[in-house]
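User: Hi, I'm new to this one. Can you walk me through it?
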Amino acid sequence: MVAAASCHSPARFAISCSAASSSAPGRPLRVAVVGGGPAGASAAEALASSGARTFLLERSPAGAKPCGGAIPLCMLDEFAIPRDLVDRRVTRMRVLSPSNLAADFSRALPPGAHIPMLRREVLDSFLRRRAADAGAELVPGLVTSLSLPAGPADPYRVHYISSAEGQGRGVLEVDAVVGADGANSRVAREVGAGGYSTAIAFQERIRLPDAAMAYYDDLAEVYVGGDVSPDFYGWVFPKCDHVAVGTGTVAAKPEIKRLQSGIRARAGPKIAGGRVVKVEAHPVPEHPRPRRVVGRVALVGDAAGYVTRCSGEGIYFAAKSGRLCGQAMAEEWARTGAVTEAGLRRGYLRRWDDEFLLMFRFLDLLQRVFYGGNAGREALVEMCADEYVQRRTFESYLYKRMVPGEPWGDLRLLWRTVASMVRCGVIGREVMRLRRLELQA
């Protein structure tokens with residue numbers, strides 16, 4: 001018997017169309033997607049659109065991960081995000097060094113281009129609604145454990161506690177699982193996907209007086225320096241009626257409140273008179289997990305570790321990985337009547353790595369080269385003032401592709417990089433490694 005899985009389902013139910021995970025005549029693929037952020041919602045939409053019976057479990061539908069909220073311009077069209085969800089369209093970006101040397105990072109912004117700023121609760125809610133419109137069944141609840149199958153044809157059993165009023169514990173029997181439940185992923189722990197180091201992101205939403213808010217109308221600021229983070233940066237990003245002021249760190253998690261005081265001090269009079277309306281903190285992955293596919297379980301978004309070092313970007317990569325994973329599961333089921341680890345590695349991981357692995361490695365090297373000390377950060381800001389650097393950055397960031405460089409421009413950039421780092425006293429082998437990786441692109 002199949003009980004309906006929805007926000008109004010019985011207190012305890014199990015999906016058990018068949019004990020086997022291979023397809024049967026008239027039976028669709030069954031998938032539990034754990035986590036309803038951009039990764040999970042995009043996976044659920046892709047699966048449901050293909051005809052799969054999709055259960056999207058989210059523990060806090062009204063909540064949101066603390067996040068700067070910037071997305072690349074290409075995401076609006078690629079994921080059909082309505083323009084009215086965008087709070088601000090940033091056309092000016094300012095990067096400030098430890099000595100408060102400022103680089104205007106928007107001189108090379110292409111005509112008509114901007115960086116969209118959104119609130120995560122608005123974006124996440126929209127993506128979940130769209131997944132539901134495609135046929136996904138929303139299940140508000142906390143996943144507590146995952147019973148692994150005894151054999152390749154047996155189902156996974158997803159145990160959860162419903163957060164819907166009057167509901168209790170529930171169980172879902174499914175053919176495959178998508179783990180989109182963040183840096184502290186329960187799904188990853190249950191399947192032994194391996195650990196990884198995490199950063200902590202801390203953010204305050206501050207409502208400013210009208211005059212101060214007007215200053216940030218189309219401006220985003222990034223601050224680097226040991227006073228705001230020993231291994232990342234601080235930010236002031238504009239939203240609809242407030243600014244998001246935050247920082248992140250791996251090396252100094254116990255010092256996060258002191259570092260937050262540092263970013264507030266650096267922003268100084270520009271945010272004076274503001275009122276804190278919300279305080280948020282959340283773990284953020286530092287690198288991909290050792291195993292992103294285990295059996296018929298695939299990890300996406302933060303659960304897989306898809307947040308870039310140096311820039312800290314994750315929203316686009318979360319949505320993209322969820323969509324790729326959902327499509328891979330649906331395609332293999334339609335073709336073979338099964339979902340397998342080998343198929344997920346081919347259809348999901350290989351596609352992901354081919355498109356983004358080099359970009360992640362490149363940004364990892366940038367972080368190691370320039371964030372090791374204040375001297376390197378000064379050199380970074382000095383380079384950010386270069387128009388060629390800005391143009392290459394916007395071409396890659398706005399449209400999510402590694403753009404081949406111009407030989408003479410790259411040579412000039414190489415010498416400027418060396419000169420800046422010599423002046424700042426941090427030249428070394430990492431620079432050459434960075435250059436070799438850039439040439440591979």
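User: Let me start with a detail: which residue forms a salt bridge with Arg 83?
Analyst: That's Asp 77, and the closest N and O atoms of the two are 2.8 Å apart. Keep in mind that the model is predicted.

User: And Asp 77, is that buried or exposed?
Analyst: Asp 77 counts as exposed because its relative accessible area is 58%, over the 50% cut-off. Its partner Arg 83 is at 41%, so Arg 83 counts as partly exposed.

User: How many salt bridges are there by this rule?
Analyst: The count comes to 28. Among them is a pair made by Arg 157 and Glu 173, with 2.3 Å from N to O. That pair ties together distant parts of the chain: Arg 157 sits in strand E8 (residues 156–162) and Glu 173 in strand E9 (residues 169–174), 16 residues apart.

User: How does Glu 173 count, buried or exposed?
Analyst: Glu 173 counts as buried, because its relative accessibility is 12%, and the limit for that label is under 20%. Arg 157 is partly exposed, at 28%.

User: What does Asp 241 pair up with?
Analyst: Asp 241 has a salt bridge to Arg 207, where the closest N and O atoms are 3.1 Å apart. This pair also links distant parts of the chain, 34 residues apart: Asp 241 is in the loop between strand E13 (234–238) and strand E14 (243–249), while Arg 207 belongs to strand E11 (residues 198–207). Asp 241 is partly exposed at 34% relative accessibility, and Arg 207 is partly exposed at 32%.

User: Which residues are linked in a network of salt bridges?
Analyst: Glu 121, Arg 205, Lys 278 and Glu 280 are linked that way.

User: OK, zooming out. How many helices and strands does the protein have?
Analyst: There are 12 helices and 17 strands. The protein has 441 residues, and 57% of them count as buried. It exposes about 17,700 Å², with carbon and sulfur atoms supplying 55% of that.

User: What share of the contacts with a separation of 6 or more comes from residues 24 or more positions apart?
Analyst: Those account for 71%.

User: New topic: backbone angles. What is phi of Ala 80 near?
Analyst: Near 50 degrees, which is a positive value in a residue other than glycine. Most residues other than glycine have a negative phi. Ala 80 lies in the loop between helix H2 (74–78) and strand E3 (88–90). With 49% relative accessibility, Ala 80 counts as partly exposed.

User: And what about phi of Cys 310?
Analyst: Cys 310 has a positive phi too, near 80 degrees. You'll find Cys 310 in the loop between strand E17 (297–299) and helix H7 (315–336). Cys 310 counts as buried, since its relative accessibility is 12%.

User: Where does Thr 308 lie?
Analyst: Thr 308 is in the loop between E17 and H7. At 3% relative accessibility, Thr 308 counts as buried.

User: Which residues does Thr 308 touch, leaving out those up to four places away in sequence?
Analyst: Thr 308 touches Glu 313, Phe 317, Phe 360 and Leu 363.

User: And which side chain joins Thr 308 in a polar contact of 2.5 Å?
Analyst: The side chain of Ser 311 does.

Key:
Residues are numbered from 1 along each chain as its sequence is written. This is a predicted model: local features need pLDDT of at least 70, side-chain atom pairs count only at pLDDT 80 or more; totals for chains, interfaces and linings use all residues. Side-chain values use heavy atoms; hydrogens and water are left out. Helices (H or I, at least four residues) and strands (E, at least two) are DSSP runs, numbered from the N terminus. Buried means under 20% relative accessible area, exposed over 50%, partly exposed in between (1.4 Å probe, protein chains only). Contact means heavy atoms within 4.5 Å. Accessible areas come from the Shrake-Rupley method with a 1.4 Å probe; for residues, only the protein chains shown count as cover. A polar contact is a pair of N or O atoms within 3.5 Å; within protein, one must be able to donate a hydrogen and the other to accept it, and residues adjacent in sequence count only if both atoms are side-chain atoms. A salt bridge is a side-chain nitrogen of Lys or Arg within 4 Å of a carboxyl oxygen of Asp or Glu.
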